[in-house]
Amino acid sequence: MTQGLNRRRFLAISAATVVLPGTLRPGDGRAAAPVARWRGTALGAGAAMTLVGLDDTAARPVFAALEAEIERLETLFSLYRADSALARLNRDGRLAAPAPEILELLSLSDALHRATEGAFDPTIQPLWQLHAQAASENRDPTAGELAEGLALSGWGKLRFSAREVAFARPGMAMTFNGIAQGYIADRVAALLRGRGLTDVLVDMGEIVALGRRPDGSAWRAGLATPEGAIVREVRLAERALATSAPLGTLLDRAGRVGHILDPRSGRPGGHWRLVSVAAGRAALADGLSTACCLLPRPAIDAALAAHSDASLEALL
């Protein structure tokens with residue numbers, strides 16, 4: 001699974017995605033709708049949004065509302081805020097009366113864990129910390145360290161209900177970094193829908209595309225390798241897109257240790273250079289694209305078959 005909220009983006013919104021206000025769609029004789037754009041951060045990484053149908057003045061209260069929603073969700077999912085629900089769970093080993101959003105992500109994580117043969121597992125945080133520390137010391141983890149890290153991880157050692165989330169062993173910890181950005185994109189998209197906005201592009205590291213571009217055509221996203229080469233263009237409408245690459249973020253200077261770890265072995269893994277998945281929900285696409293990096297093709301097909309609205313968009 002993935003870790004590191006400042007990871008490089010593999011979804012590049014192509015330069016042609018947005019028609020500037022006041023331009024014409026070729027052949028239709030209509031002025032395009034006004035467009036408002038927002039840039040900010042979500043979970044420590046850059047984020048962006050395009051709203052069709054509002055100018056900058058009209059969009060200000062909408063952008064203020066979405067910033068407040070992102071801030072609220074960060075108090076639940078951030079690894080780096082001492083006051084977040086996740087940080088308190090990792091510190092105390094238990095979290096009483098978890099928020100509905102926490103339970104929703106845990107339920108989706110449980111489904112992804114089962115569908116991906118254990119390749120998706122948010123309890124991998126102790127293993128990620130181990131590899132990050134070893135990489136900072138220019139070495140590999142020892143066999144004993146790996147064994148200890150595996151003992152402190154494992155989805156079966158987590159219990160959750162509306163009453164409590166709890167780890168089975170002291171020293172366990174978890175991360176939502178393989179799914180939270182997608183979830184935040186979904187929540188922001190829902191907020192915008194609730195305000196009557198139908199043509200929106202949300203980029204929180206994973207992309208949600210609602211409706212159409214200002215000129216009436218479909219939104220377009222370019223799938224990029226870690227080196228920045230666009231390998232495919234995908235058209236999106238009422239759809240989310242997520243892309244992962246094992247070597248997209250590196251933990252070591254030599255470039256051998258990527259940020260996607262296999263929870264089953266405790267080691268960096270990856271059958272593929274890049275995996276891109278589309279789905280009705282960005283959180284689902286996010287989790288699947290991450291886990292599928294660790295799976296052979298038959299297992300990828302089985303994982304996607306377990307989620308009928310998911311589709312494989314790129315596999316390199």
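Reader: How many salt bridges does the structure hold?
Author: This predicted model holds 18 salt bridges.

Reader: What makes Arg 72 and Glu 101 a salt bridge?
Author: Their closest N and O atoms are 2.9 Å apart, and the cut-off is within 4 Å, so the pair counts as a salt bridge. The pair links distant parts of the chain, with Arg 72 in helix H1 and Glu 101 in helix H3, 29 residues apart.

Reader: Why is Glu 101 called buried?
Author: Glu 101 has a relative accessible area of 9%. Buried means under 20%, so Glu 101 belongs there.

Reader: And why does Arg 72 count as partly exposed?
Author: Arg 72 has 31% relative accessibility, which lies between the 20% and 50% limits, so partly exposed is the right term.

Reader: What makes Arg 297 and Asp 301 a salt bridge?
Author: The N to O distance is 2.9 Å, and because the limit is 4 Å, the pair qualifies. Both residues lie in helix H8, 4 residues apart, about one turn of the helix. Elsewhere, salt bridges that share partners join Glu 69, Arg 72, Glu 101 and Arg 187 into one network.

Reader: Now to the backbone: what is notable about phi of Asn 138?
Author: Happily, that one is easy to spot: phi of Asn 138 is near 60 degrees, a positive value in a residue other than glycine. Most residues other than glycine have a negative phi. Asn 138 sits in the loop between helix H4 and helix H5.

Reader: How do you know that Asn 138 is exposed?
Author: Its relative accessible area is 72%. Exposed means over 50%, so Asn 138 is exposed.

Key. Residues numbered from 1 in each chain as written. Predicted model: local features only at pLDDT ≥ 70, side-chain atom pairs only at ≥ 80, totals over all residues. Heavy atoms only, no water. Helix = DSSP H or I, 4+ residues; strand = E, 2+ residues; numbered from the N terminus. Buried < 20%, exposed > 50% of the residue type's maximum accessible area, 1.4 Å probe, protein only. Salt bridge = Lys/Arg side-chain N within 4 Å of Asp/Glu carboxyl O.
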